[in-house]
Amino acid sequence: MTAEAPPYRISGHESFPCRYTWLPKAVRGLEGNPRLFSDEDQAMVDLGLGKNMVRSARFWAQAAGMVAPVSRTAGHKPTDLGLALLSQSGRDPFLEDIRTLWLIHWKLSTNVQSPLLAWDYLLNRWQEPNLVPSAALKALQKEVATQDAGLSPVTLEQHLETFLHTYVPTRGRKGEVVEDNLDSPLVELDLIVKVGERPTDQGAGRMEPIYAFRREEKPEITPELFLYCLNDFWQNRHEREMTLQFREVAHGHGSPGQVFKLPEEDVRTRVEGLARQTGDAFTYAESTNLQQVRRNNPPDGKALMRAIYEEEVANA
């Protein structure tokens, strides 16, 4: 971690993963009342949530890029993305489309100014084939040691648990999903899967789960969604560059290949189709010693987002 690196966000979610109704409620509530989150007691009534859940809903709505603070006195407002997706007339007001869930995952994972620690580190810098919570916690502790010496170990452990519970479903004794505990819509992505168990260092027969990222082709990440995220990655991390090396798109920090855990060959297939898909706004060139994507004509991000959902209409 360099001194110039942006500060991580570790707390604020109150140890709750984001729930299905929270993002739509936040967007629609702020449409009518920009100061929805300024009075927590009233927000509890308006949102039907406890006080800690109100704070958590506000945190996740901001972290997912669906709402943004205006000022201390003016409150918050829905972002253009939040309105386009989750308003009453939005593209997916009830989070029923898997592409919306991947888009939320993308936004949670790619904040440049104030990244979520577990998302940023474990998606981009965790090199082990498996994700073991105790080992991941040690890595996160080491990562933040120079940035926040006063951070409570309990806070860090809760942050990691919140990350895992965002993607791993709660299961009952027989292995079924327990509906009341299925807090996060992102479990539907099946991005993190349980692959086994191992004894803990504490002994006494205690076991801890072993997880792994699902590193497979993901056809539900459509060409339009991939293109939106590629352009978003370019704008946020390489704005002045006209070309990117293929390895940066496939493996770079915050890249589509890395954040979505796509196999390299799948990323290659996707970028090879960019020229046809975009009318040469994006092109891919490959030779013996050169593999790069070129952005010839930076597109409008809002238009790219609309295209994610308009493609479905066109094919209906």
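1. Welcome to this structure! The chain holds 14 helices and 7 strands. Please keep in mind that this is a predicted model.

2. A good place to start is the overall build. The chain has a radius of gyration of 20 Å, close to the 20 Å that the globule rule gives for 316 residues, so the chain is as compact as a globular protein of that length. If you would like a feel for its extent, the C-alpha trace spans about 55 × 50 × 45 Å along its principal axes.

3. Next, the inside and the outside. Of the 316 residues in the chain, 47% are buried. The area that the chain exposes comes to about 15,800 Å², and 47% of that area is supplied by carbon and sulfur atoms.

4. How do contacts run along the sequence? Among contacts in the chain with a separation of 6 or more, 62% are between residues 24 or more positions apart.

5. For a closer look, try one pair of helices. Two packed helices are described by the angle between their axes and the distance between the axes. Here, helix 1 (residues 22-32) and helix 3 (residues 51-63) have axes that come within 9 Å and cross at roughly 85°. Since angles of 65 to 115 degrees count as roughly perpendicular, that crossing makes helix 1 roughly perpendicular to helix 3.

6. Which residues make this contact? Helix 1 contributes Trp-22, Leu-23 and Ala-26, while helix 3 brings Met-53, Ser-56, Ala-57, Trp-60 and Ala-61. Sorted by class, the contact of helix 1 with helix 3 has 7 nonpolar residues, 1 polar residue and no charged residues.

Key:
Residues numbered from 1 in each chain as written. Predicted model: local features only at pLDDT ≥ 70, side-chain atom pairs only at ≥ 80, totals over all residues. Heavy atoms only, no water. Axes fitted to C-alpha atoms, helices over the stretch in contact; angles between N-to-C directions. Helix = DSSP H or I, 4+ residues; strand = E, 2+ residues; numbered from the N terminus. Parallel < 35°, antiparallel > 145°, perpendicular 65-115°, else oblique. Contact = heavy atoms within 4.5 Å. Nonpolar A, V, L, I, M, F, W, Y, C, P; charged D, E, K, R; others polar. Rg over C-alpha atoms; globule rule 2.2 N^0.38 Å. Buried < 20%, exposed > 50% of the residue type's maximum accessible area, 1.4 Å probe, protein only. Areas by Shrake-Rupley, 256 points an atom, 1.4 Å probe, with all protein chains shown as cover.
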